[in-house]
Amino acid sequence: MSVKLDSWLMEILACPNCGGELRAEGGESELVCTGSCGYAYPVRDGIPVLLVDEARTPAP
């Protein structure tokens with residue numbers, strides 16, 4: 001399911017793990033950190049779930 005996140009929201013969101021910038025991927029079904037950790041956070045019902053425990057870790 002594709003969800004449109006507002007550009008102003010994307011500008012203020014940051015990765016809770018490392019503080020890196022987030023970018024939408026997977027039809028905006030997840031937000032991926034462009035910083036050092038690379039965690040991917042899910043977007044559920046149009047709401048970013050920025051919990052480290054809910055994040056998908058990058059493949060080694």
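Is Asp45 buried or exposed? Asp45 is exposed: its relative accessible area is 70%, and the cut-off for that label is over 50%. Keep in mind that you're looking at a predicted model. Here's a quick tour, from the whole chain down to four residues: Asp45, Leu31, Ala24 and Ala14.

**How confident is the prediction?**

- Averaged over the protein, pLDDT comes out at 90, and 95% of the residues score 70 or more.
- Confidence is highest in strand E2, residues 30–33, where the mean is 95.
- At the other end, helix H1 (residues 7–12) has the lowest confidence, with a mean of 90.

**The overall build**

- You'll find one helix and four strands in this protein.
- Start at the N terminus and the elements come in the order α-β-β-β-β.
- The radius of gyration is 10 Å, close to the 10 Å that the globule rule gives for 60 residues, so the protein is as compact as a globular protein of that length.
- Picture a box around the C-alpha atoms, lined up with the principal axes: its sides are roughly 30 × 20 × 15 Å.
- Take the contacts between residues at least 6 apart in sequence, and 24% of them join residues at least 24 apart.

**Surface and charge**

- Buried residues make up 35% of the 60 in the protein.
- The protein exposes about 3900 Å², with 51% of that coming from carbon and sulfur atoms.
- On the charge side, there are 4 positive and 9 negative side chains.
- The centres of those two charge sets lie 5 Å apart.

**Asp45, out in a loop**

- Back to our opening residue: Asp45 sits in the loop that links strand E3 (40–44) to strand E4 (47–48).
- Its backbone has a detail to look for, since phi of Asp45 is near 55°, a positive value in a residue that isn't glycine.
- Asp45 and Ser29 are 16 residues apart along the chain, and their C-alpha atoms are separated by 9.3 Å.

**Leu31, tucked away in a strand**

- Leu31 belongs to strand E2.
- With a relative accessible area of 0%, Leu31 falls under the 20% cut-off, so it counts as buried.
- What does Leu31 touch, leaving aside neighbours within four places in sequence? Its contacts include Leu5, Met10 and Leu13, along with Leu22, Arg23 and Ala24.
- Further along the chain, Leu31 is also in contact with Tyr39, Ala40, Tyr41, Val43, Pro48 and Leu50.
- Ala55 is 24 residues away from Leu31 in sequence, with 9.4 Å between the two C-alpha atoms.

**Ala24, a partner of Leu31**

- Ala24 has its place in strand E1.
- How accessible is Ala24? Its relative accessibility is 32%, so Ala24 lands between the 20% and 50% cut-offs and counts as partly exposed.
- Setting aside residues up to four places away in sequence, Ala24 touches Met10, Glu30 and Leu31.
- Met10 and Ala24 are 14 residues apart along the chain, and 8.5 Å separates their C-alpha atoms.

**Ala14, in the loop after the helix**

- Look for Ala14 in the loop between H1 and strand E1 (22–25).
- Ala14 is partly exposed, with a relative accessible area of 35%.
- Skipping residues up to four places away in sequence, Ala14 touches Gly19, Gly20, Leu22 and Leu50.
- Measure up Ala14 against Pro48 in the viewer: they're 34 residues apart in sequence, and their C-alpha atoms are 11 Å apart in space.

Key. Residues numbered from 1 in each chain as written. Predicted model: local features only at pLDDT ≥ 70, side-chain atom pairs only at ≥ 80, totals over all residues. Heavy atoms only, no water. pLDDT = per-residue confidence, 0-100. Helix = DSSP H or I, 4+ residues; strand = E, 2+ residues; numbered from the N terminus. Rg over C-alpha atoms; globule rule 2.2 N^0.38 Å. Buried < 20%, exposed > 50% of the residue type's maximum accessible area, 1.4 Å probe, protein only. Contact = heavy atoms within 4.5 Å. Areas by Shrake-Rupley, 256 points an atom, 1.4 Å probe, with all protein chains shown as cover. Lys, Arg positive; Asp, Glu negative; His and termini not counted. Charge placed at Lys NZ, Arg CZ, Asp CG, Glu CD.
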